[in-house]
Amino acid sequence: MPQLSTRHLLGIKDLTQTDIQLILETATQFKEVINRPIKKVPSLRDITIANVFFENSTRTRLSFELAEKRLSADVVNFSASGSSVKKGETLLDTVNNILAMKVDMIVMRHSSPGAPHYLASRIPANVINAGDGTHEHPTQALLDSFSMREKLGNLAGKRIAIIGDITHSRVALSNIFCLQKQGADVMVCGPTTLIPKHMAALGVRIGHDVREALAWCDVANVLRIQLERQQIKYFPSLREYSLYYGISRQMLDELDRPIVLMHPGPINRGVELTSDAADSPHSIILDQVENGVAVRMAVLYLLAQEK
Ligand code: CP
């Protein structure tokens, strides 16, 4: 049976092209499973997984939990709020205490870039990064690629524009690595202040005109303005951002060919997308959420084979 080259999923940067292919092909099989009347398979029976979330989440957390339950794993959920972290316990002590209860895998979201890498080098369990600060969000990039492939087929040569707050986004970096490993042509587009200088070194196109980006691309993956991570003002006002970078249904309808509209969520409606764009036939935003369960099932299933 084919296996991943790694026993943790810390970032897309560490995955090979073959790993990505294997995860996406396995997810196709699990998508078929979760659309059956009986959505559950016994693949992870007797495996216990802890979802350890030090930051807020709706989609990723519920999606991992559903994926684990569909695979028949035992699941425990941990939130930093209401836990002994508030009494000063360290990350490593917290996780080692969870592991002492015979937990096999840790799914972790943390505000500090590198926190899952730190854990993975110190604990015996598999670690899956569910988003580490502004660094990586590997399962989001995998589900984004899965969703793009459902619409466009093989991504080699396809043009993907990632539009919005690139500076504070973990989704952007994971998507860039994932798309480039599949041969896609990637552009990042946003105000100069929201595109970090190191982007040029990653071999992506850089744009500042959202209409030009939409006219160029096959897929527009639009990112949220992350006000909670912005300690200083990166643009004069949300109104001005929306005026220059907001995407409306009319802008999509006026393109000379249809494009696919994506957003990892949560959406700031009326800021990066108008409601009529987010809810339009161009949008596959809820397909992304559905595919997240299948992709996370694939990741969990493949990593469990590495034990
Ligand atoms: N896309 C995403 O990570 O959403 P949540 O923050 O709700 O998990």
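**Entry 1. The largest pocket**

I looked up the largest pocket first and noted a volume of about 470 Å³. I record here that the model is a predicted one. I then listed the residues that line this pocket, 20 in number, and noted those closest to its centre: Asn 56, Arg 109, Arg 170, Arg 224 and Pro 266. I also asked which elements give two or more residues to the lining, and found helix 2 (59–70) and helix 6 (170–181). By class, I entered the lining residues as nine polar, seven charged and four nonpolar.

**Entry 2. The ligand and its place**

Which space does the ligand take? I found that the ligand takes the space of the largest pocket. Around the ligand I listed Ser 57, Thr 58, Arg 59, Thr 60, Arg 109, His 137, Gln 140, Pro 264 and Gly 265. I sorted this shell by class and obtained six polar residues, two charged and one nonpolar. Arg 109 thus has two entries in this notebook: it is among the residues closest to the centre of the largest pocket, and it is one of the residues around the ligand.

**Entry 3. Polar contacts of the ligand**

I looked up the distances from oxygen atoms of the ligand to polar atoms of the protein. For Thr 60, I noted 2.6 Å between a ligand oxygen and an N or O atom of the side chain. For Thr 58, the partner is a polar backbone atom, and the distance to an oxygen of the ligand is 2.8 Å. For Arg 109, I entered 2.9 Å from a ligand oxygen to an N or O atom in the side chain. I next asked how much of the ligand the protein covers, and recorded 91% of the 250 Å² of accessible area that the ligand has on its own.

**Entry 4. Backbone at Pro 266**

Is the peptide bond from Gly 265 to Pro 266 cis or trans? I found this bond to be cis, with omega near -10°. I located Pro 266 in the loop between strand 9 (260–262) and helix 10 (275–278). I had already listed Pro 266 among the residues closest to the centre of the largest pocket, and Gly 265 among those around the ligand.

**Entry 5. Backbone at Asp 46**

I noted a positive phi of about 75° at Asp 46, although this residue is not a glycine. I placed Asp 46 in the loop between helix 1 (17–34) and strand 1 (48–53).

Definitions and conventions:
Residues numbered from 1 in each chain as written. Predicted model: local features only at pLDDT ≥ 70, side-chain atom pairs only at ≥ 80, totals over all residues. Heavy atoms only, no water. 1 Å grid on protein atoms, 1.4 Å probe; cavity = no way out; pocket = protein on both sides within 12 Å on 5 of 7 lines; lining within 4 Å. Points joined across faces, edges and corners; volume = space filled by probe spheres on them. Helix = DSSP H or I, 4+ residues; strand = E, 2+ residues; numbered from the N terminus. Nonpolar A, V, L, I, M, F, W, Y, C, P; charged D, E, K, R; others polar. Near = heavy atom within 4 Å. Polar contact = N/O pair within 3.5 Å; in protein donor to acceptor, adjacent residues only side chain to side chain. Areas by Shrake-Rupley, 256 points an atom, 1.4 Å probe, with all protein chains shown as cover. Sits in = over half its atoms within 2 Å of the grid points.
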